Amino acid sequence: MDYVNFLDFIKNRRTIRRFKPDPIPDDYVEKIIEAARWAPSGFNMQPWEFVVIKDKTLRDSIVQWVREYHKLTLKAESTREPWQRVPHLPSKDPEMDYRIAPVFILVLGDTRTLKGLPISMRYDAERRQSIYISSLAGAYLYMSLAATTLGLANEWVSSVAVAYAHCMTKDLLGIPPELEIYDMMALGYPAYNLTSRKLMRDKEKMIHHDYCGVDDFRTDTEVDDFIKRARIWTTANHRRGVDKNIVGVSEGI
Ligand SMILES: Cc1cc2nc3c(=O)[nH]c(=O)nc-3n(C[C@H](O)[C@H](O)[C@H](O)COP(=O)(O)O)c2cc1C
């Protein structure tokens with residue numbers, strides 16, 4: 001694959017949050033996990049395990065716990081600095097979100113692999129954790145890219161990893177204590193064609209050469225401005241409708 005095709009492909013990987021309920025072939029799931037297996041990992045520890053969940057009762061239980069947690073987060077959002085607030089509007093089509101996806105894939109991390117990292121990291125809790133999490137994130141991203149090649153939509157459902165949903169899900173599925181949930185992918189056929197463009201930061205402002213100083217980086221105002229635009233953009237996307245009036249969209253698909 002040449003660079004042009006590669007970049008085109010990367011741009012095509014987008015989060016799609018509406019799914020058709022139609023089942024997806026088992027070998028698609030297998031292919032997606034096969035791709036994840038090849039991800040780089042700290043010291044090649046390959047700390048991942050994958051749990052494929054198709055059973056609707058199990059999926060519904062997980063959805064319910066995430067939902068309960070979301071109710072609390074919505075309350076917590078009301079404490080956010082006013083300038084960052086984005087009004088919460090109901091989903092445009094509440095029946096069509098990740099709950100409908102026919103497959104969930106849980107990516108687990110096996111904490112026992114941590115002891116295989118270089119000894120200096122074993123006693124540096126922060127570094128150890130960042131290597132481990134970065135490895136799992138890489139595997140996740142490979143899954144997402146593989147799903148894109150197969151024409152599948154996927155949504156990163158990170159709320160499953162918050163303590164409450166995490167414990168409940170682990171208990172439900174019988175996952176042993178040493179394994180923990182990194183994140184979950186909802187997977188299925190897309191219920192719409194993605195037409196909303198992605199809000200992107202300016203490339204010129206993120207590349208720096210050799211010596212850097214304060215003047216080379218964004219000002220506080222520029223960072224805050226981007227936060228505002230990104231929060232509006234992301235919130236609109238979470239509502240699952242394609243919002244033609246999203247502000248600040250600048251690039252790509
Ligand atoms: C670590 C991480 C956690 C995320 N968690 C969620 C999530 O819980 N729910 C969700 O809908 N999207 C989640 N996303 C997806 C981002 O919102 C999405 O990648 C971002 O808005 C950019 O859009 P794109 O994926 O279409 O490029 C997550 C992405 C990352 C990298």
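**Close-up 1. Glycine 109 in strand E2 of the predicted model.** Glycine 109 sits in strand E2, which covers residues 103-110, and the structure shown here is a predicted model. With a relative accessible area of 0%, glycine 109 is buried, because that value falls under 20% relative accessible area. Leaving aside residues up to four places away in sequence, glycine 109 touches Pro47, Tyr132, Leu136, Glu178, Leu179, Glu180 and Tyr182. Methionine 45 lies 64 residues from glycine 109 along the chain, and the C-alpha atoms of these two residues are separated by 11 Å.

**Close-up 2. Threonine 113 in the loop that follows strand E2.** The loop between E2 and helix H4 (119-122) holds threonine 113, a residue that counts as buried at 16% relative accessibility. A polar atom of the threonine 113 side chain lies 2.7 Å from the backbone oxygen of aspartate 110. When residues up to four places away in sequence are not counted, threonine 113 touches Met45, Pro47 and Tyr132. Pro47 and Tyr132 are also among the residues that glycine 109 touches, which links this view with the previous one.

**Close-up 3. Two residues with positive phi in the loop between helix H2 and strand E1.** Phenylalanine 43 is placed in the loop between helix H2 (26-37) and strand E1 (48-53), and glutamine 46 lies in the loop between H2 and E1 as well. Phi of phenylalanine 43 is near 55 degrees, a positive value in a residue other than glycine, while glutamine 46, which is not a glycine either, has a positive phi of about 45 degrees. How far is each of these side chains exposed? Phenylalanine 43 is exposed, with a relative accessible area of 56%, whereas glutamine 46 is partly exposed, with a relative accessible area of 38%.

**Close-up 4. Arginine 59 in helix H3.** Helix H3 (residues 56-77) contains arginine 59, and this arginine is buried, with a relative accessible area of 8%. A polar atom in the side chain of arginine 59 lies 3.2 Å from the backbone oxygen of lysine 54. Apart from residues up to four places away in sequence, arginine 59 touches Ile53, Lys54, Arg99, Ile100, Ala101, Pro102 and Phe104. Serine 135 is 76 residues from arginine 59 in sequence, and the distance between the two in space is 26 Å, C-alpha to C-alpha.

**Close-up 5. Serine 144 in helix H5.** Serine 144 has its place in helix H5 (residues 125-149) and is buried, with a relative accessible area of 3%. The side chains of serine 144 and asparagine 154 make a polar contact at 2.9 Å. Serine 144 touches Arg13, Asn154 and Met185, when residues up to four places away in sequence are not counted. Of these, Arg13 also belongs to the residues around the ligand, and it appears again in the next view.

**Close-up 6. The shell of residues around the ligand.** Which residues are found around the ligand? They are Arg13, Arg14, Thr15, Arg17, Glu155, Trp156, Val157, Ser158, Ser159, Lys198, Trp233 and His238; by class, this shell has three nonpolar, four polar and five charged residues. Strand E3 (153-156) and helix H7 (220-238) each supply at least two residues of the shell. Oxygen atoms of the ligand lie 2.9 Å from an N or O atom in the side chain of arginine 13, 2.5 Å from a polar side-chain atom of threonine 15 and 2.6 Å from a polar side-chain atom of arginine 17. Taken alone, the ligand exposes 610 Å², and the protein buries 71% of that area.

**Close-up 7. The two domains and their contact.** The protein is divided into domain 1 (3-193) and domain 2 (195-253), and the centres of these domains, taken over C-alpha atoms, are separated by 23 Å. Domain 1 gives 20 residues to the contact, and domain 2 gives 19 residues. The shell around the ligand draws at least three residues from each of the two domains, so that both domain 1 and domain 2 have a part in the view of the ligand given above.

Note on methods: Residues are numbered from 1 along each chain as its sequence is written. This is a predicted model: local features need pLDDT of at least 70, side-chain atom pairs count only at pLDDT 80 or more; totals for chains, interfaces and linings use all residues. Side-chain values use heavy atoms; hydrogens and water are left out. Helices (H or I, at least four residues) and strands (E, at least two) are DSSP runs, numbered from the N terminus. Buried means under 20% relative accessible area, exposed over 50%, partly exposed in between (1.4 Å probe, protein chains only). A polar contact is a pair of N or O atoms within 3.5 Å; within protein, one must be able to donate a hydrogen and the other to accept it, and residues adjacent in sequence count only if both atoms are side-chain atoms. Contact means heavy atoms within 4.5 Å. A residue is near a molecule or strand if one of its heavy atoms lies within 4 Å of it. Accessible areas come from the Shrake-Rupley method with a 1.4 Å probe; for residues, only the protein chains shown count as cover. Ala, Val, Leu, Ile, Met, Phe, Trp, Tyr, Cys and Pro count as nonpolar, Asp, Glu, Lys and Arg as charged, and the others, Gly among them, as polar. Domain bounds come from an automatic or database domain assignment.
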